[in-house]
Amino acid sequence: MSSLLDAHLVASRGAFTLDISLRIAPGETVALLGPNGAGKTTALRTLAGLTSLSGGHLRLGGRDLAPLPPEQRPIGVVFQDYLLFPHLTARDNVAFGPRRHGMDRKSAHAVADEWLERVGLSSFGSRKPRQLSGGQAQRVALARALAVDPVLLLLDEPLAALDARTRLETRGELRRHLSDHPGATLLVTHDPLDALVLADRLVIVEQGRVVQEGDAATITARPRTDYVARLVGLNLYRGVGDGHTVTVADGFTLTSTDTVSGDVFLAFPPSAVALHPDQPSGSPRNTWPATLADIQHHGDNLRVRLEGPVSVSADITPAAAAQLDLSPGRPLWVAVKATETRAYPAQ
Ligand SMILES: Nc1ncnc2c1ncn2[C@@H]1O[C@H](COP(=O)(O)OP(=O)(O)OP(=O)(O)O)[C@@H](O)[C@H]1O
C-alpha cells in the first residue's frame, strides 16, 4: 500500500539525535515503542512541528509539511500532558479545532457534543479543565484531536491517565475510531497491550534509531533487542549458530530444533522453563545449574530470575515454588525443551 505519511525524521535535542524513517499507509495505525529517552516524544514533536527537522523529509499525502507551522499541519495531537485551554469549557476545547477550520459555532458545538459523548463525557461539556479529573481531561484532549478529522493523528500515551476500567473501555472505543479513521495514526505507548490492541504495525526505537519494525506476530516471535524481548516477555540470547546448537556464552550452548548458522538469536518464553532441585536425567533437553536471584508475582504465577552461565526468567506456579523451597541464592537446575526455543538469524 502507498504511504500517506512518508517521513525521515532527523532532529537534535541537546546531545540527543533522532534519525528514524516512518511510513504509514492510509487507515493504518503504527505504534512507536521504546524505552524512556528513546526519542518517541521528539519524533511526535517533529511531526507536529514543535521541533524542527535538521535533516530528512516529512510528507503527508505527497505534501511537504516541513516548512509549515504547527497550526497549518492537518494533524490532530494528544500529548502526554494533554494541554487543554484552561479558560474554555470541555465543549469549547473540543469545538476549537472545527471552529478554527471555519465551522460555525453551532455546528462546531454539535461536533464537540458528539465527540464528548463518544469518550463518555456528554454531561461534562460545560466544565472547565480544572474541574475535570486527569483522566477526564485526557479524554477531552482525545476528543479535541479527533474532532478535526486529522489526516495524521498523533497519540502520545493516550490512555496512560485513565483508571483500569475506563482504560479498557476507552481502548475499545479508540480502536473502533481508529479502524474508521481514513488517515494515518501514530501511537506512542509504553504499554504493549495498547500497541497490540490498537496498532497494525509496531516500530521500536532505541537511542533515536529504529531497531525493529513489523507486525506484532513477527516481533513477538523474533525479538532483536533485550528491550523488545522484555516487552514481549521472552528470554533472548545472541550467539553463534551451528546446526541445532547455538553458543550463547563462553562455551555454553543451547539446542534448538531450528537449524541455523552464524550470528543468530535464540528465544524462548519463561513458561518454557522448568526448574528442578537436582539435575534432570534422560531427556534431550537444555539443562544447566543456576542460582535463584529474584522472585516476583506475575499474574497468578511467579516469575523467577536465575543467574548462571546465562541469566534466565522462568514462570512457575505457587505450588511448584512451595515444593522447590525457593529462596535467593538457592541452587537449582534449569531445563528448557529444544522444541520450545526459536533460533533465527540476527542479520
Ligand atoms: N528540551 C530538551 N533539551 C535537551 N535534551 C532533550 C530535551 N528534550 C528531550 N531531550 C532528550 O532527548 C532524548 C529523547 O527524549 P524523548 O522525550 O523524545 O524520549 P521518549 O522516548 O519520549 O521518552 P519517554 O518515554 O521517557 O517519554 C532524551 O535523551 C532526552 O533527555
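Two strands are taken as paired here if DSSP finds at least two bridges between them. With that in hand, a good place to start in this predicted model is an open sheet of three strands, which run in the order 11-12-18 with antiparallel pairing. Strand 11 (235-249) and strand 18 (342-345) sit at the edges with a single partner strand each, so one side of each is left without a neighbour in the sheet. From one strand to the next, the twist averages 40 degrees. Strand 11 meets strand 12 (residues 252-268) over 13 bridges, in the antiparallel sense. To pick out one spot in that pairing, glycine 239 has valine 264 of strand 12 as its bridge partner.

Strands 14, 15 and 16 are worth a look as well. Strand 14 (residues 286-298) and strand 15 (residues 301-307) run antiparallel and are joined by seven bridges. Across this pairing, aspartate 294 stands opposite arginine 305 of strand 15. The two strands make a hairpin with two residues between them, and glycine 299 in the turn has a positive phi of about 60 degrees. From strand 15 the chain goes through four residues into strand 16, again as a hairpin. Strand 15 and strand 16 (residues 312-316) are antiparallel too, with five bridges between them. Here arginine 303 has aspartate 315 of strand 16 as its bridge partner.

As for the overall layout, the protein splits into domain 1 (5-226) and domain 2 (233-345). Their C-alpha centres are 39 Å apart. Where the domains touch, five residues of domain 1 are in contact with six residues of domain 2. The domain 1 side of that contact breaks down into two nonpolar, no polar and three charged residues.

Strand 8 (residues 184-188) makes a good way into the parallel pairings. Five of its five residues are buried, so strand 8 is largely enclosed by the rest of the structure. Both of its faces are covered, with Ala184, Leu186 and Val188 buried on one side and Thr185 and Leu187 buried on the other. That split fits a general pattern: in a regular strand, side chains alternate between the two faces of the sheet. Strand 3 (residues 29-33) pairs with strand 8 in the parallel sense over four bridges, and strand 7 (residues 152-156) does so over five bridges, also parallel. Leucine 186 turns up in both pairings: it is the bridge partner of valine 30, and leucine 154 stands opposite it.

Two residues in the loops around strand 7 have unusual backbone angles for their type. Aspartate 149, in the loop between helix 4 and strand 7, has a positive phi of about 45 degrees although it is not a glycine. With 15 C-beta neighbours inside 10 Å, aspartate 149 counts as partly exposed. On the other side of the strand, glutamate 157 lies in the loop between strand 7 and helix 5 (164-180). Its phi is near 50 degrees, again a positive value in a residue other than glycine. Glutamate 157 has 20 C-beta neighbours inside 10 Å and therefore counts as buried, the cut-off for that class being 20 or more.

Among the helices, helix 2 (residues 90-100) has eight of its eleven residues buried, so it is largely enclosed by the rest of the structure. The buried set is Ala90, Arg91, Asp92, Asn93, Val94, Ala95, Gly97 and Pro98. These residues pack against helix 3 (105-118) and helix 4 (134-146). Just after helix 2 comes glycine 102, with a positive phi of about 100 degrees.

Finally, there is the ligand. The residues around it are Arg13, Gly14, Phe16, Gly34, Asn36, Gly37, Ala38, Gly39, Lys40, Thr41 and Thr42. Sorted by class, that shell has two nonpolar, seven polar and two charged residues. Helix 1 (residues 40-48) supplies the largest share of the shell, at three residues.

How values were computed:
Residues are numbered from 1 along each chain as its sequence is written. This is a predicted model: local features need pLDDT of at least 70, side-chain atom pairs count only at pLDDT 80 or more; totals for chains, interfaces and linings use all residues. A residue is buried if 20 or more other C-beta atoms lie within 10 Å of its own, exposed if 12 or fewer, and partly exposed in between; C-beta atoms are placed from the backbone. Two residues are in contact if their C-beta atoms, placed from the backbone, lie within 7 Å. Axes are lines fitted to C-alpha atoms, for helices over the stretch in contact, and angles run from 0 to 180 degrees between N-to-C directions. A residue is near a molecule or strand if its C-beta atom, placed from the backbone, lies within 6 Å of it. Ala, Val, Leu, Ile, Met, Phe, Trp, Tyr, Cys and Pro count as nonpolar, Asp, Glu, Lys and Arg as charged, and the others, Gly among them, as polar. Domain bounds come from an automatic or database domain assignment.
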